[in-house]
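Student: I should like a close look at a single part of this protein chain. Please examine one helix together with its surroundings, and give the criteria behind each term.

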Amino acid sequence: MKNILFISLFFVTSIFNAQIVKQISKDKTDLDFSNDSSLSNSLNHLVKKVKNNRVVAIGEDTHGTSEYYKLRYEITKKLIQEQGFNTIILENTYGDIEILTSSLQSENINDLMSKHLFSIYQTTEMKEFLL
């Protein structure tokens with residue numbers, strides 16, 4: 001029975017993956033990292049696609065590339081400024097995020113970041129985002 005179930009799951013997964021690849025191919029857009037304005041403009045299609053969602057998850061597996069942090073910053077900024085999103089959740093401890101959020105206006109940003117953010121967020125791009 002396990003062999004039949006495995007084959008069935010593999011078949012269903014293959015069909016589902018093919019549909020995802022087809023949709024991604026249809027909706028993909030080239031990103032232009034040449035300057036901030038070009039990058040922002042190249043994200044218009046994506047932001048338009050997700051604007052009616054209540055939750056937008058932005059994930060990646062590199063934990064450290066500058067381009068990704070820049071991209072996440074621009075996507076998040078557009079969702080806040082253009083679509084009215086108002087909550088951001090980071091992969092970090094709740095208590096540290098609360099301290100960071102409440103202290104942004106009164107304490108040194110470098111000290112806050114080093115004390116209250118996981119190392120993956122201690123980047124120039126995150127600092128610009130928080131300011």
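Tutor: The account below concerns helix H5 and the pockets around it.

The model is predicted, with local features requiring pLDDT of at least 70 and side-chain atom pairs counting only at pLDDT 80 or more, while totals for chains, interfaces and linings use all residues. Residues are numbered from 1 along each chain as its sequence is written, and side-chain values use heavy atoms, with hydrogens and water left out.

The protein chain has seven helices and zero strands; both are DSSP runs numbered from the N terminus, helices being H or I with at least four residues and strands E with at least two. Buried residues make up 26% of the 131 residues, where buried means under 20% relative accessible area, exposed over 50%, and partly exposed in between (1.4 Å probe, protein chains only).

Helix H5 spans residues 94-103, and in this helix Ile 97, Leu 100 and Ser 103 are buried. Seen down the axis of H5, these buried residues fall within an arc of 145 degrees, so they line one face of the helix; the arc is that of the directions from the helix axis to the C-beta atoms. An α-helix has 3.6 residues a turn, so residues three or four places apart point the same way. Tyr 94, Thr 101 and Ser 102, on the other side of H5, are exposed. The cover over the buried residues of H5 includes helix H6 (109-116) and helix H7 (124-130), contact meaning heavy atoms within 4.5 Å.

H5 also takes part in a pocket. The second largest pocket has a volume of about 490 Å³. A pocket is an open set of points on a 1 Å grid over the protein atoms alone, where a 1.4 Å probe fits, with protein on both sides within 12 Å along at least five of seven lines; lining residues have an atom within 4 Å of a point. The volume is the space filled by probe spheres set on the points, which are joined across faces, edges and corners. Of the 21 residues lining the second largest pocket, the closest to its centre are Ile 88, Leu 90, Thr 101, Phe 129 and Leu 130. H4, H5 and H7 are the elements that give two or more residues to this lining, and the largest share, five residues, comes from H5. By class, the lining has 13 nonpolar, five polar and three charged residues; Ala, Val, Leu, Ile, Met, Phe, Trp, Tyr, Cys and Pro count as nonpolar, Asp, Glu, Lys and Arg as charged, and the others, Gly among them, as polar.
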